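Q: Please take a close look at the sheet in chain B. Walk me through what surrounds it and how it is built.

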There are 6 protein chains.
Amino acid sequence: MRSDGRAYDQARPVNITTNYNKHAEGSVLIEVGDTKVICTATVEERVPPFMKGQGKGWVTAEYSMLPRATSVRNQREAAKGKLGGRTMEIQRLIGRALRSVVDLEALGERSITLDCDVIQADGGTRTTSITGSFVALAIAVDKLCRERNLNRFPITDFLGSVSVGVIQGKAHLDLNYEEDSKAKVDMNVVMTGGGQFVEVQGTGEEAPFSRQELDELLLLAESGIQGMIRMQEQALGPIAERIKGASHAASRR
Amino acid sequence: MRSDGRAYDQARPVNITTNYNKHAEGSVLIEVGDTKVICTATVEERVPPFMKGQGKGWVTAEYSMLPRATSVRNQREAAKGKLGGRTMEIQRLIGRALRSVVDLEALGERSITLDCDVIQADGGTRTTSITGSFVALAIAVDKLCRERNLNRFPITDFLGSVSVGVIQGKAHLDLNYEEDSKAKVDMNVVMTGGGQFVEVQGTGEEAPFSRQELDELLLLAESGIQGMIRMQEQALGPIAERIKGASHAASRR
Amino acid sequence: MRSDGRAYDQARPVNITTNYNKHAEGSVLIEVGDTKVICTATVEERVPPFMKGQGKGWVTAEYSMLPRATSVRNQREAAKGKLGGRTMEIQRLIGRALRSVVDLEALGERSITLDCDVIQADGGTRTTSITGSFVALAIAVDKLCRERNLNRFPITDFLGSVSVGVIQGKAHLDLNYEEDSKAKVDMNVVMTGGGQFVEVQGTGEEAPFSRQELDELLLLAESGIQGMIRMQEQALGPIAERIKGASHAASRR
Amino acid sequence: MRSDGRAYDQARPVNITTNYNKHAEGSVLIEVGDTKVICTATVEERVPPFMKGQGKGWVTAEYSMLPRATSVRNQREAAKGKLGGRTMEIQRLIGRALRSVVDLEALGERSITLDCDVIQADGGTRTTSITGSFVALAIAVDKLCRERNLNRFPITDFLGSVSVGVIQGKAHLDLNYEEDSKAKVDMNVVMTGGGQFVEVQGTGEEAPFSRQELDELLLLAESGIQGMIRMQEQALGPIAERIKGASHAASRR
Amino acid sequence: MRSDGRAYDQARPVNITTNYNKHAEGSVLIEVGDTKVICTATVEERVPPFMKGQGKGWVTAEYSMLPRATSVRNQREAAKGKLGGRTMEIQRLIGRALRSVVDLEALGERSITLDCDVIQADGGTRTTSITGSFVALAIAVDKLCRERNLNRFPITDFLGSVSVGVIQGKAHLDLNYEEDSKAKVDMNVVMTGGGQFVEVQGTGEEAPFSRQELDELLLLAESGIQGMIRMQEQALGPIAERIKGASHAASRR
Amino acid sequence: MRSDGRAYDQARPVNITTNYNKHAEGSVLIEVGDTKVICTATVEERVPPFMKGQGKGWVTAEYSMLPRATSVRNQREAAKGKLGGRTMEIQRLIGRALRSVVDLEALGERSITLDCDVIQADGGTRTTSITGSFVALAIAVDKLCRERNLNRFPITDFLGSVSVGVIQGKAHLDLNYEEDSKAKVDMNVVMTGGGQFVEVQGTGEEAPFSRQELDELLLLAESGIQGMIRMQEQALGPIAERIKGASHAASRR
């Protein structure tokens, strides 16, 4: 039994509040245990310079933690005058993961920026950001489709993410901060609704890991992500049906 | 009648949720109409270099808006690599205002940082930050007093703030964003529970203003701030009594 | 009696040397006591991006102190790699104040930058910068009017500024550095030649202040600013007449 | 057959020139095909602040490309004034990977910095940097052991890295730049001499990948890394024996 | 005859106003034709980290131009967030030149910073800064000697500087901006009162120059610098005698 | 005899490896003793903003040292977030020197960037960079001429550079690092194949120098540079003939 009473293969409670922000085209407050992230999707009718004139859209992400999201206060990156390596790594990951389920041609020459702001952190902030920002993205895309009469729905599948890790020789699902600190292997996995991998990032800084451990972690991650995607479906309601339809259509192309 | 149905001398509804963050020594979510700010107070057992060795504490503030707190997305200051002038001006104001009601000697050689993060903006973010961060500060100071047995309670009075402005020749209390955009005079006022001024910042960029207009604005601000302070008292419960006691003691010294 | 022999309601001697710089379209060296500021006005036939295509001009300001303008040397902001909060606050104030008396439509789609460089500081550098840069601006605008045949003179009124403060319970006009350091309330006021307020910025960091103190400070500021404007008129000679004419015309529109 | 004539499971030729730099404690020029990286190891008798007083050492890495390492010139990060996200991600990866095979306690309170400077790039620069910097590190550690009489050899195993990817549905080993550009899945793997995983980073930005594809990639990576480690052994000569001894001792603890 | 009526071997009028700043330990306003530079010397009882514990002092310089010192306004380096290459080059030159005539041991473990702020530029700002800052330095050192009873006077010789250049095949002394723009060779020379070279920096970007041209330029520079040093002597009055005494003593050591 | 056995007027062995980089239009590895620099020339079909529309080209340079090029590791300028003064000074020098032998009109509206990356330093890195980058430039220009059918060869002469210095009263040619550290006078000279000076930069920070010392240094530099240019001719082969032809043609214009 884990310190918070969960079984080793049990994720923390997930809560997704949609339309949390009155200005954004799509937004959620996602809570996974005590980790809380506000995700907003901003649609802009322009693309970055390197994408211009290709008739395709772009999806990107930014990630930040409030200074006191953590148990010790962190200095703001704005005050330091630069983004840290961890922040850059995470926001590149979120953007890359989301793009894997977006049909950039169907989106048209516009961009969507997902802002993931962690207002309270307790482990798994990057995976929670991915799971939450997918929902904000879907809401914004749905709104866009209706307003702009896009030819086809540009989201091709669901996308969820969890962390898994090895603690005292045993694979655990969805680590909280305390568990994360003592895990010898730490892995973040992103998968589609169709059960394909989008990102597998496993790190054994404390100690390398065997192929068997890797396999156990991947299985656990798969089941955890399926749970996340069920929560997304529930939060999205009718929009979830549109995604399923688009996914079905995409798989036949 | 104003666009949201208020009378010219009526403030928006105020809601203060205390202990909104599990890590911070003091925290609130303050909502004034659609303006929402998370304020956290972090206590650290050190002071900035220029305060060292004086046996006195320090109180400072940082202010930021989430990129999509506003109707158009703003680039993050962390991404730009520097704080803008508006941000610096606001965080200097918040810190200065709070210090006016803190007995830095009673606080002892430690510092308290108030982080004000605007998660949704609709006018008055700086005044809302001051009103909210006072409550977070009081909670943190109360906790500190109990844990460290401070000689006296280091908060000497309540502190509230509102904005006022002249729209179409008439003074209005607590402007929302739409009103703020069309006001010809804009004034932010900070006052103590005892009815003294801490900051008066009036600006007539669009058009200069007369002494009579100034007097009307100050009266309106005074009544608005009294309302804010009543909400603070309610949110603070028994801690409010400690502030009143300290204020009473301070006025007799 | 004050340390430099002045009465509490007496400003320091003011000296304005016009055309101090051979390159700038307008320039002054302004001395208020031992505070000395070089103000230059640069006219450029373009506006910042956010003003483009509106047929209106822009007026902005930059402020800096030479490293040894003060009794202890300050590190250059260029060496630090960023502008401090105080600098940003001051240059925003100067620009905003000047714009309040400029008819941006009459100016046409061009911009004027006022550079205020403090070569020696002894209190009141921001108010002295405003008073001095108004004169540099007027000289540049007058030259522009003659060269470009503008339809109407784009300066609508005089603009002066002083600091006032409460020292030992008594309101004082035009604080020098030593007085500024011991004032419990510090206020900067900007007014037009017509006696209207443009900026009122009062701060009681050390101790809050009463409504009565505020009223006394405002009265003192008003008389001090009238004196500043008389010095401007004298320095500007015939240009002063053009401003009066434009002010008269504006008040009739 | 691949464009350069290799079989799908064949790595490019590897050449490791040791002691390439006369100043560094350890150094190599590593060439994997046309990818060329200079790796130097610098030993310093101090640790970063967060490691002080723990009696343990630290290993870290920095990564950079010469501007014309690539077919189009890249602007220097020194000229831009900041490190890009890709650079930060890579140097964090290199440092983390190397630390997994260093016994930081045996190293003692000193730090080793691995500088990986890509002088010519043709795909796989991060994996080549890991493989090369391991050799530079081993040379520096060996020198340190002899000069400082360390109790035990602080490197606990070999460490190699390769990239693998899926091109046209088939797993390929050691992608060059041209192949990397058209791979739909891209994976970097780091393994120890003992065949354990240290890092697995698989990305399917273009298209998600199945569990079966993942398994094929991991197998291919394993065989490629074994080849890399044989080249390291050859380059290190007698030092390779010391690593094997330390690895054997470590596995018995 | 030159455009301003001078002979080819004639410098512009030089004017040195000492004690121009009431705060600095030493200060001048130096005018060479229309080039005007404020030089202040700041004495601090500490040295930079790389000089600590050697019992020796340090002399360094910073250089800046007001934005409108030039005929077209330059953006502030503080606003750009970094010093340009030209500024760095000039301030390194000024510091290096001054150190060549300072006995750092006699100065003791303290540092002197020369701030050279160009308030109006018309060619020769770097050489004027050197000539002027020598005087500010001498005043500060003299004051220091008297206050701290230094064993010997730490300035070992006079130091002056001029620019020379080849225009239409003929060597010219002390170029103004217009001449500088059309010179094919441009040379800055720094010499001591004893007639030795401290810096010779000749540049033929437009066209290379012959040995004969170099010789002519050096002769012209020598005579120009002697004139500068006579102006320094006059400005320094009795302090000049102390320098001569120290120079005499140094030459006998 | 010098520590490495050379005569005072003898340069170190020079080795120039052309086409060291497969991507760049021109490239060399130049070794002067233990100083090793990679120079690459990048041709781009655009010019910087200040050169636009003049029908002329531009040549510029960047300079950097690998962190461990030196005996003590230097922090990367990319990590510091800014270029140091020494780097800026050197890259300005290299660009200026190269431009003196390039016919920018013949080059046409395109730019060539020379990247000089010091991979091992032992004195004379800036002069070695100039000598090496001239060769890289010539290779790139030759390629450009052939591909674009330029009207005339845009390099008008050879260009070489050496350092000279005074050690224990005697002029020495081509100082290594150890010698450089003890030289009282340090001079870098750049000359053309025709024996004209392009840059003369002599510095006597430790002690000023006489006219006679200057003359000796210049003579020594001249002979050293002739040797450098012979090595360039040898490395360039047939391209050397084209430069001689262009030089001959230029001297007749």
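A: Helix H2 of chain B, residues 85–99, lies across two strands in this predicted model. These are S4 and S5 of chain B, with S5 spanning 111–120. Helix H2(B) runs at about 145° to S4(B).

A second helix packs on the sheet too. Helix H6 of chain B covers residues 211–236. Helix H6(B) touches S1 and S2 of chain B. The direction of H6(B) makes about 30° with that of S1(B).

Now the sheet itself. Five strands of chain B form it, and the sheet is open. Their order is S1-S2-S3-S5-S4. The pairing is mixed. Strand S1 (14–18) and strand S4 (58–65) of chain B are the edge strands. Each of these edge strands pairs on one side only. On average, neighbouring strands are turned by 20° against each other, direction ignored.

Look next at one pair of strands. S1(B) and strand S2 of chain B, residues 26–32, run antiparallel. Five bridges join these two strands. Take B:Thr18: its bridge partner in S2(B) is B:Val28.

Finally, step back to the whole chain. Chain B superposes on chain A by a rotation of 180°, with 0.0 Å of shift along the axis. The RMSD is 0.0 Å. The two copies are therefore related as by a two-fold rotation axis. The same surface serves both copies. Of the contact residues of chain B, 100% recur in chain A.

Terms used. Residues numbered from 1 in each chain as written. Chains lettered and ligands numbered in written order. Predicted model: local features only at pLDDT ≥ 70, side-chain atom pairs only at ≥ 80, totals over all residues. Heavy atoms only, no water. Pairing = 2+ DSSP bridges. Helix = DSSP H or I, 4+ residues; strand = E, 2+ residues; numbered from the N terminus. Axes fitted to C-alpha atoms, helices over the stretch in contact; angles between N-to-C directions. Contact = heavy atoms within 4.5 Å. Least-squares fit on C-alpha atoms with pLDDT ≥ 70 in both.
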